[in-house]
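Colleague: I should like to examine the terms applied to this structure and the criteria behind them. May we take them in turn?

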Amino acid sequence: QSRGKHFRGYRSDGDIFVSEDAGETWQLHTRLGPQYSIDDLFAASEDQIYAQVSFMQYGFQLFLSEDGKQWKTA
């Protein structure tokens with residue numbers, strides 16, 4: 001949870017969803033594709049959202065931009 005929004009990711013299809021109503025409804029935020037795995041989503045102390053992502057055998061981290069619209073490499 002960050003900035004009043006809830007985020008969840010799906011390991012098997014690379015999708016990240018967002019809810020602005022405490023989880024009542026969910027909307028697709030980002031589709032990385034089925035070759036990606038969302039291994040973890042977490043908020044840092046400064047309310048920054050991070051995603052731990054895998055592609056094949058490689059892992060990397062993304063962070064959500066301040067406007068909440070784009071993921072960038074960390």
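Modeller: Let us begin with a pair of strands: E4 (residues 36-43) and E5 (residues 49-55) run antiparallel and are joined by 7 bridges. The model is a predicted one, in which local features need pLDDT of at least 70 and side-chain atom pairs count only at pLDDT 80 or more, while totals for chains, interfaces and linings use all residues. Residues are numbered from 1 along each chain as its sequence is written, and side-chain values use heavy atoms, leaving out hydrogens and water.

Colleague: What makes E4 and E5 a pair of strands?

Modeller: A strand is a DSSP run of E with at least two residues, numbered from the N terminus, and two strands pair if DSSP finds at least two bridges between them. E4 and E5 have 7 bridges, so they satisfy the pairing criterion. Among the bridge partners, Ile38 is matched with Val53 in E5, and Ser37 with Ser54 in E5. E4 and E5 form a hairpin with 5 residues between them, and Asp47 in the turn has a positive phi of about 70°.

Colleague: Which sheet contains E4 and E5, and why does each edge strand have a side without a neighbour?

Modeller: The sheet is open, with 4 strands in the order E4-E5-E6-E7 and antiparallel pairing. E4 and E7 stand at the edges with a single partner strand each, so one side of each has no neighbour in the sheet. Neighbouring strands are turned by 30° against each other on average, direction ignored; the axes behind such angles are lines fitted to C-alpha atoms, and angles run from 0 to 180 degrees between N-to-C directions.

Colleague: What is the strand order of the sheet that contains E1?

Modeller: That open sheet has 3 strands, in the order E1-E2-E3, again with antiparallel pairing. E1 (6-9) and E3 (27-31) are its edge strands, each with a single partner, so each has one side without a neighbour. The twist averages 25° from one strand to the next. E2 (residues 15-19) and E3 pair over 4 bridges, and Asp15 stands opposite Arg31 in E3.

Colleague: Why is Ser65 called buried, and Gln57 exposed?

Modeller: Buried means under 20% relative accessible area and exposed over 50%, with partly exposed in between (1.4 Å probe, protein chains only). Ser65 has 7% and is therefore buried; Gln57 has 62% and therefore counts as exposed. Ser65 is in the loop between E6 (58-64) and E7 (71-73), whereas Gln57 is found in the loop between E5 and E6.

Colleague: What makes the pair Ser65 and Asp67 a polar contact?

Modeller: The term requires a pair of N or O atoms within 3.5 Å; within protein, one must be able to donate a hydrogen and the other to accept it, and residues adjacent in sequence count only if both atoms are side-chain atoms. The side chains of Ser65 and Asp67 are joined at 2.5 Å, so the distance criterion is met. Gln57 and Tyr58 also have a polar contact, of 3.5 Å, between their side chains.

Colleague: Which residues form the largest nonpolar core, and what makes it a core?

Modeller: A nonpolar core is a set of buried Ala, Val, Leu, Ile, Met, Phe, Trp, Tyr and Cys residues joined through side-chain atoms within 4.5 Å. The largest has 10 residues: Phe7, Ile16, Val18, Ile38, Ile49, Ala51, Val53, Leu62, Leu64 and Trp71. E2, E5 and E6 give two or more residues to this core, and E5 gives the most, with 3.
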